[in-house]
Amino acid sequence: MSEQVRFVQGNEACVEAALYAGLGFFAGYPITPSTEIAELLALKLPQRGGKFIQMEDEISSMCAIIGASLAGGKAMTATSGPGFSLMQEALGYAIMTEIPCVIVNVQRGGPSTGLPTHVAQGDVNQTRWGVHGDHSIIVLTASSAQDVFAMTVEAFNLAETYRTPVILLFDEVVAHTRERLLVPEPGVLPLVERLTTSVPENVNYHPYLPREDGRLPMSDFGGIHRYNVTGLFHDMWGFPTEDPKTVHELLRHLVDKIENRTHIIAHYQTYHVEDAEFLIISYGCSARSARQLVEDRRLRGDRIGLLELQTLWPFPAHIVQQLSAGKKAVIVAEMNTGQVTASVKAAADDPDRVFLANRLDGQFITHYDIRNVLRLVQGKGV
Amino acid sequence: MAKAKLESHHIEREWCKGCGICVAFCPKQVLELDRHEKAVAKRLDDCICCKLCEMRCPDLAIQVTCRKGSE
Amino acid sequence: MAVRDYLRERFFPHIWCPGCGHGVVLNSLLRTVEELGFTKNQIAVVSGIGCSSRISGYVDFHTLHTLHGRALAFATGLKLQKPDLRVIVPMGDGDALAIGGNHFLHAARRNIDLTAIVMNNRTYGMTGGQYSPLSGVGTAATTAPYGNIDPGFDTVRLAAAAGATFVARTTTYHVQQLVKILGEAIQHQGFSVVEVLSQCPTYFGRKNKAGSAVDMMRQFKDQTTPVGSEAKQGNPALIERGVFVREQRPEYCAAYDEVVRRAQGGR
């Protein structure tokens, strides 16, 4: 059988991928431009016996998916900037308690209510730092419907592998652009199912005792093993503790389990980077315009390449460092005041050669916008 | 009607915080606080097995065991 | 099984102050579970943050200690995913009705089968005695040094208006009634609310010159009356206790099963 060809919005691609990955529970609250995800799942989840609930706000939506995930279901919520702000508290709880879940943030213009129906990429740092500070998190992004599909499946896989919330940071343009999507046959994309404990009933099960490979097998809450879950620092049984050694080790574990695997978690695409003198770094909707620019300039003989980031956090500094080395200039194209640019500067050997091409007016960044910065950098004038 | 007979009245001293609730509400004044502010059952012969001390103990420190009397 | 068999005894003595009413609620809750004959694996206890919320750590059930005010939201996800679990949600008054007020209203409106226990000691004990939405006008608190001007909620009327299908109130003095009411609440199919007037001798009691834990329990005895009693007509200041609402309405998880049936083409 051939793959199924669809013509869909990014939001719909996200829904198809979540179902492909085995989504069993969705809780959410309406907010532009993510609402289609909730609407489609309200339709499709019950057809498969899955659970959909529209909660009273984003706070409770985040809490509900944690409760459902703990009980064994692959769980997700979807929102946009202001709703994502409300989710930070429970997001921190999911990190601390190591409960897998997926949070979609379809970015619109911000801060605050901002520009609800326009595009921006201003939540990059909120996804990383919105929850306190001493934690780590995985954030994936995508620039097309096909990419949304792949990254959504990957988000569920990473969530289960590392027992962590994973954020899908999309944007209004990708979410609402209708384009071709090939839905793979079941089994084509690998799926990571929940690692459940083999400890039998009535034998001491330790929910927070990592195996030798660092993974923590789970036991469905409400099943054969009774244990405690708390957002307080806890021991291997899940009970609160203030023991300095245990506290230190848990915090290190939470950070290291992700930061030490940056090289595995880093997803990216490259276009014409091999011989490039100039490197564009971009992601999400901005990468579409960046790709257009690279293709245009290549036709004119400019040696220009593109690094498209699909993993934003943990930041793939090693890739950026490697690909930016020796370039005449690096231009970061993004729709914010330079949030990824700051990370690129930190990673690049020569931060003075890193430049920002952006738009902050709610209008989609075009290849002309990026070209203008390129010309300035090349000393050609706009 | 057969009356319940007291079999044992156990107070977990380590758990008792000496709030005096059991002492104050015992209908037969069976309990007292000792000089360490711990509850003790002083007059067990008067106990009528109502178990109110056990039920109201906020420290869950009291266990009253009774058996149905046969008269 | 004895009550102690449901405890995680290694954490005893517990952290609550001498005479704290929350220990009485814990005591009654376990007695209720014992009387109903549930196994430990059938019950989940989901709590938020505060003195009251520490109850979850002491019971040998499936226990989820969550965020301040959010216990009902976590419990909603848990229950919908695993409807066979009996889910009990003990909360403090601030936890349930200030920071968690919205979740409380909506859980009641949905009529999801959770048992909410509002352990009402009229203060924030964990943080040292600030006024709560159930303190009431004229009470003293560390954040109301000139007397509280914030009117309190009536938990029972609030829960009933929001759609809870079982609503009751009693006190830590009336332990036999408490066990009976908790039993009915846990068995009720739908959202049940049990408000328990619970003494905080350390903060509310001391600030408001209410005396010892014993004195405060005597006040619960003297200042309450069975619902519908004649005494209430003579003395409107009396607080009624008993079952106020007991009705049947479609339970949320059962209603969702119906949604699944419709989605899958059933009629």
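Helices (H or I, at least four residues) and strands (E, at least two) are DSSP runs, numbered from the N terminus. This is a predicted model, where local features need pLDDT of at least 70, side-chain atom pairs count only at pLDDT 80 or more, and totals for chains, interfaces and linings use all residues. Residues are numbered from 1 along each chain as its sequence is written, chains are lettered from A and ligands numbered from 1 in the order in which they are written, and side-chain values use heavy atoms, leaving out hydrogens and water.

**Exercise 1.** Find the place of C:N111 and work out whether this residue is buried or exposed.

*Solution.*
- Step 1: go to chain C and look at the loop between α5 (101-110) and β4 (114-120), where C:N111 sits.
- Step 2: check the backbone; phi of C:N111 is near 60°, a positive value in a residue other than glycine. Most residues other than glycine have a negative phi.
- Step 3: look at the cover. Buried means under 20% relative accessible area, exposed over 50%, and partly exposed in between (1.4 Å probe, protein chains only). C:N111 has 0%, so it is buried.

**Exercise 2.** Do the same for A:R163.

*Solution.*
- Step 1: A:R163 is in the loop between α6 (145-162) and β7 (165-171) of chain A.
- Step 2: its phi is positive, about 50°, though A:R163 is not a glycine.
- Step 3: with a relative accessible area of 4%, A:R163 counts as buried.

**Exercise 3.** Locate the cis peptide bonds that lead into A:P33 and A:P314.

*Solution.*
- Step 1: the bond from A:T32 to A:P33 is cis, with omega near 0°. A:P33 lies in the loop between β2 (23-28) and α2 (35-44) of chain A.
- Step 2: the bond from A:W313 to A:P314 is cis too, with omega near -5°. Look for A:P314 in the loop between β13 (311-313) and α11 (317-324) of chain A.
- Step 3: keep the background in mind: most peptide bonds are trans.

**Exercise 4.** Sketch the build of chain B.

*Solution.*
- Step 1: count two helices and four strands, then read them from the N terminus on as β-α-β-β-α-β.
- Step 2: test the size. For 71 residues a compact globule would have a radius of gyration near 11 Å, and chain B agrees with 12 Å (taken over C-alpha atoms; the rule is 2.2 Å times the number of residues to the power 0.38).
- Step 3: add the spans of the C-alpha trace along its principal axes, about 40 × 20 × 15 Å.
- Step 4: finish with burial: 41% of the 71 residues in chain B are buried.
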